[in-house]
Amino acid sequence: MALKLYNTLTRSKEEFKPLNPPLVRIYTCGPTVYQRPHIGNLRSFIAWDILRRYLKYKGYQVYLCQNITDVDDKTIKGAREEGVSLREYTERYIKAFFEDLDKLRIERAEVYPRATEHINDMVQLVKKLIEKGYAYKSEGSIYYDVSKFKDYGKLSGIKFDESKTVSRMKKDEYSKDEVRDFALWKGWDEEDGNVYWDTELGRGRPGWHIECSAMSMKYLGESFDIHAGGVDLIFPHHENEIAQSEAVTGKQLARFWLHCEHLIVRGQKMSKSLGNYYTLQDLLDKGYNPLGVRYLLFSTHYRAQLNFTEESLKQAEKSVERINEFMRRIKTIYPNGEHNDELHKVVLEAEKKFEEAMDDDLNMPLALSVIFDLIRRVNRAIDEGKISQSNLNEVKELMMKFNTILDIMEEKEEEELPQELLRLIELREEARRKKDWETADRLRNQLLEKGIILEDTPQGVRWKRKIK
Ligand code: AMP
Ligand code: ZN
């Protein structure tokens, strides 16, 4: 089945085909490092982690570029308030960002370019925009003239009245329903303190939007497959990125534009500026488990709002525990049932349904319900003794395959028994079937000498390691 993704640009689910298969090039807008990320930011990063892992599951090769915004109005303000250098200030939050990624098992991107390390790339891009007539100077800064770009508004659907004059905006963020000429290069002013670069464009610093155009072009080329971010970035940030990049290249910046809905608390977007946020560390300090947080953040469809409550986090932890408990069960049981063909079909069907759900715009809630359904069916088969070793192996393999996406299995892998010991268990089972109790007992003792205790249960034999 083909993967379909909802493309904000066309406002429809479209079949995903990369420009240069098997490679998929993705750009996601990364953190603005003026504070630790909150779990709303982390939700969007997890959404793209799931996307990345599922593309790999389908056999694609992924090249992901995620920028780090380490210079903008907020980072400068923060550094100045503390009286430290911008670098010293942002370094701390970059470190925190990577720590959180690791705790949540978010796979690392291929490259994390920082804005401050790509100033010249941005300057060159702004120069091209000036040459092509899309940018103009005003009071020491350089602005993008949105009226020159005929497709302005194609992503967000925002309309602007051509009869009205467009105002200019130097700040990085501005009203969501107003079209404005935006800053490409901000001439130095006192508020910037010692943060500036002396360049061909004069003394100053880049506007926020230009970094993504410059860095995506540098690492992914002029056109790439997927551009992703939270819904708050559709306008103006992504609209402006399109205007900047496409005006210069004449090519489509990204084929697919994916946007993740917000994590909300009591009806409001979780945000640093509203102060209604939790960081991952806040939750860990309260005793929650990072795998529960990971589960919670991916278990709602990425295009639906996720209402955060501690109750829902507790539920998520329970789900993680159920899956791990099931894995422990199937790894330590040695069933003696006949091959169950019906169960074999259930496993094949689960794989198919999981993939259908994921192919449908990464429908995680549905994919998870398929997994829990499988768990129920297999547990029942074990309880009833209607499962063979080969059935069980199939289940284990499929669960491990699902886990390449979920990645919520406990670190401490239940060890598998070495083949020769498994063989002894098998021989003992055979002896028991033939009612050859003497051989069965001998084999049991042999295993005991090797530290393995056998327990005969109605569902088959289970093994445990002897505690020394
Ligand atoms: P920022 O660090 O503010 O630049 O945001 C980093 C990413 O987090 C962006 O893709 C935002 O769209 C996303 N984001 C910010 N707030 C939320 C939220 N409450 N829920 C989901 N994503 C968010
Ligand atoms: Zn961006």
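Here is a walk through the fold, from the whole chain down to a few strands and one pair of helices.

Keep in mind that you're looking at a predicted model. The protein has 14 helices and 18 strands, and its C-alpha trace spans about 95 × 45 × 40 Å along the principal axes. Of the 468 residues, 54% are buried. Take the contacts between residues with a separation of 6 or more: 75% of them involve residues 24 or more positions apart.

Let's start with strand β11, residues 224-230. How many of its residues are buried? The count is 7 of 7, so to speak of β11 as mostly covered is fair under a cut-off of under 20% relative accessible area. Two strands pair with β11, and they make handy landmarks. One is β3 (residues 23-28), which runs parallel to β11 and is tied to it by 3 bridges. The other is β12 (residues 254-260), also parallel to β11, with 6 bridges joining them.

If you want a single residue to centre your view on, try isoleucine 226 in β11. Opposite it stands isoleucine 26, while in β12 its bridge partner is phenylalanine 256. As a reminder while you click along, side chains in a regular strand alternate between the two faces of the sheet.

Now step over to the helices. α5 covers residues 208-220 and α6 covers residues 234-249; they pack with their axes 9 Å apart, at an angle of about 50°. That angle is neither under 35 degrees nor within 65 to 115, and α5 and α6 are therefore oblique to each other. The crossing is right-handed. On the α5 side, the contact is made by Trp208, His209, Ile210, Cys212, Ser213 and Met217. From α6 come Pro236, His237, Asn240, Glu241, Gln244, Ser245 and Thr249. Sorted by class, this contact has 5 nonpolar, 7 polar and 1 charged residues.

Finally, have a look at a small stretch of sheet further along. Here 3 strands form an open sheet with mixed pairing, in the order β14-β13-β15. Which strands stand at the edges? They are β14 (268-269) and β15 (306-307); each has a single partner strand, so one side of each is left without a neighbour in the sheet. Strand β13 (residues 263-265) runs parallel to β15, and 2 bridges join them. To find that pairing on screen, look for leucine 263, which stands opposite leucine 306 in β15.

Conventions
Residues numbered from 1 in each chain as written. Chains lettered and ligands numbered in written order. Predicted model: local features only at pLDDT ≥ 70, side-chain atom pairs only at ≥ 80, totals over all residues. Heavy atoms only, no water. Axes fitted to C-alpha atoms, helices over the stretch in contact; angles between N-to-C directions. Helix = DSSP H or I, 4+ residues; strand = E, 2+ residues; numbered from the N terminus. Parallel < 35°, antiparallel > 145°, perpendicular 65-115°, else oblique. Left-handed = near helix turned anticlockwise from the far one by under 90°. Contact = heavy atoms within 4.5 Å. Nonpolar A, V, L, I, M, F, W, Y, C, P; charged D, E, K, R; others polar. Buried < 20%, exposed > 50% of the residue type's maximum accessible area, 1.4 Å probe, protein only. Pairing = 2+ DSSP bridges.
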